[in-house]
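The exercises below are meant to be worked through with the sequence and the structure in view. Please try each task before reading its solution.

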Amino acid sequence: MKYSALKGVHDIFPPDVYLWQDVEAAAREVFSAYGFQEFRAPIIESTDVFVRSIGETTDIVEKEMYTFTDRAGRSITLRPEGTAPVVRSYVEHHLYHLPAPQKFFYVGPMFRYERPQAGRFRQFHQIGAEAFGIDEPRIDAELLAMLRVFFERLGLEELNFEINSIGCEGCRPNFRKALRDFFSEKLDRFCPDCRRRYDQNPLRILDCKVEACRTLRDGAPRVTRFLCSACAEHFGTFQSYLQLLAIPFTLNPEMVRGLDYYTRTTFEVTTKHLGAQNAVAAGGRYDRLVEDFGGPPTPAIGFAMGIERIVALLRESGTTIIPSPVVFIATVGEYASKEGLAIAVRLRGRGIWTELGYAGHSLKSQLRRADRLSARYVLIVGEDEMRSGKVQWKRLADGSHGEMPFDEVDSFFMARAEP
RNA sequence: GUGGGUGUAGCUCAAUGGUCAGAGCACUGGACUGUGGCUCCAGGUGUUGGGGGUUCGAGUCCCCUCACUCACCCCA
């Protein structure tokens, strides 16, 4: 084979593509009801947009970005995530002048140069949502409510909502210091990665999956105890809203996000059904980011979902979506097959999905194909019908059948196009 | 970047180092001259991922390589 898709990227075609469409349609429906409007940002940005927001020492920036130099010598990066471009655009177009809150959602591909595995690809697709201008924790709860409705609409169950607060610029240094103090004396027993994390970002040690590190961090300080009073109150109110809305959640004080711009509320939607990559959606507050991009102080919160992972869950739950034609026209003889083509083009012009049998194949094989396609009706146009001026129709589900004059075909199916 | 697993027909998979590499699904035709699903019969398709080696003989054993895949790492 001469050509194949690049490592970590995938072609998407039926029947999977129908699951994709369903996921995207569910997001548009549900998010619209919550007042989120679609936002289409470019797929390429200045490399700086990502380096400064995601964080210079994060894995994404250090070793996962698709970065290249364009013909004018600029450093360009294919977006590895969706929030930074939206924030860049929000600031660039002064959208903060519009009445708050501004709520946006986006759908599209992201790119990270990683070793592919289950649920992890080099080109993957996210649906994200961002809400600007609201500090109140009510919006945090609304986002989770929206996520819950979205997953219900798709029929997905057994999802866990995990929440945490990682505090603000004010209270996080205290926590970081407390962590270092706690880990310092037994640092040599941690894995090499954790020893590196100790210097760079000790919060990440909490997220290590190595068993030894898990036990070593028993009794480690909890971030929630180091929140300043404002952050603590914010987090408490957030939880009370979740209770009010009857959204079940679990507190996960060890949940640490991989992007540096997060503040206060963070959350993840996880599943047990996806192997190692168990997060289907994740997000949090980034109250400083708009300012970092040169805008006015603007609190904000958002999340992103992985479409591939959601589709994988749908597939695993046995969900299949296979659309089928309304009409299948089987013809016998050359004269009739021309008439069949004319009827098909007319019905299609009215928006009715119509398939044609292969001219020259036996009637039996044409009907068999109609059955395989799960066509709702078959029209039979043969030499007898051409003589009598009437076509036969048959409904495959129950075998009922009849005949009608040629000129009644359109109205017959217009009346029956909906299931 | 590091480890493990797997590569055989369009798809899912068989084949102790030994004849011409086989099944099921799918596709077409027929049994049933123009009426689907069920059943039966018939029809053809392979650089066994690629390259090298061992052997009288390799899909099978060894080496290299490529691809896919799972996990670590990281994350959606």
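**Exercise 1.** Which atom of Gly119 lies 3.4 Å from a base nitrogen of RNA strand B?

*Solution.* Begin by keeping in mind that this is a predicted model. At Gly119, a backbone N or O atom lies at that distance from the base nitrogen. Next, turn to Ala282, where a backbone N or O atom lies 3.4 Å from a sugar or linking oxygen of RNA strand B. Finally, at Arg112, a polar side-chain atom lies 2.9 Å from a sugar or linking oxygen of the RNA strand.

**Exercise 2.** Find which residues come nearest to RNA strand B, and which element supplies the largest share of the surface near the strand.

*Solution.* First, take the 47 residues around RNA strand B, of which Arg115, Arg197, Arg372, Gln392 and Leu396 come nearest. On the RNA side, sugar and phosphate account for 53% of the atoms that come within 4 Å of the protein. Then consider the elements that each supply at least two residues of this surface, among them strand S6 (123–132), strand S10 (279–285) and helix H13 (363–372). The largest share, seven residues, comes from H13.

**Exercise 3.** Decide whether Ile44 is buried, partly exposed or exposed, and describe its surroundings.

*Solution.* Locate Ile44 in strand S2, which covers residues 44–46. Its relative accessible area is 45%, and because partly exposed residues fall between the limits of 20% and 50%, Ile44 is partly exposed. Together with Ile43 and Phe68, Ile44 forms a nonpolar patch on the surface, with about 240 Å² of accessible area in total.

Notes
Residues are numbered from 1 along each chain as its sequence is written. Chains are lettered from A and ligands numbered from 1 in the order in which they are written. This is a predicted model: local features need pLDDT of at least 70, side-chain atom pairs count only at pLDDT 80 or more; totals for chains, interfaces and linings use all residues. Side-chain values use heavy atoms; hydrogens and water are left out. Patches are made of residues with over 30% relative accessible area and no salt bridge: like charges are joined within 9 Å, nonpolar side chains (Val, Leu, Ile, Met, Phe, Trp, Tyr) within 5 Å. Accessible areas come from the Shrake-Rupley method with a 1.4 Å probe; for residues, only the protein chains shown count as cover. A salt bridge is a side-chain nitrogen of Lys or Arg within 4 Å of a carboxyl oxygen of Asp or Glu. Helices (H or I, at least four residues) and strands (E, at least two) are DSSP runs, numbered from the N terminus. Buried means under 20% relative accessible area, exposed over 50%, partly exposed in between (1.4 Å probe, protein chains only). A residue is near a molecule or strand if one of its heavy atoms lies within 4 Å of it. A polar contact is a pair of N or O atoms within 3.5 Å; within protein, one must be able to donate a hydrogen and the other to accept it, and residues adjacent in sequence count only if both atoms are side-chain atoms.
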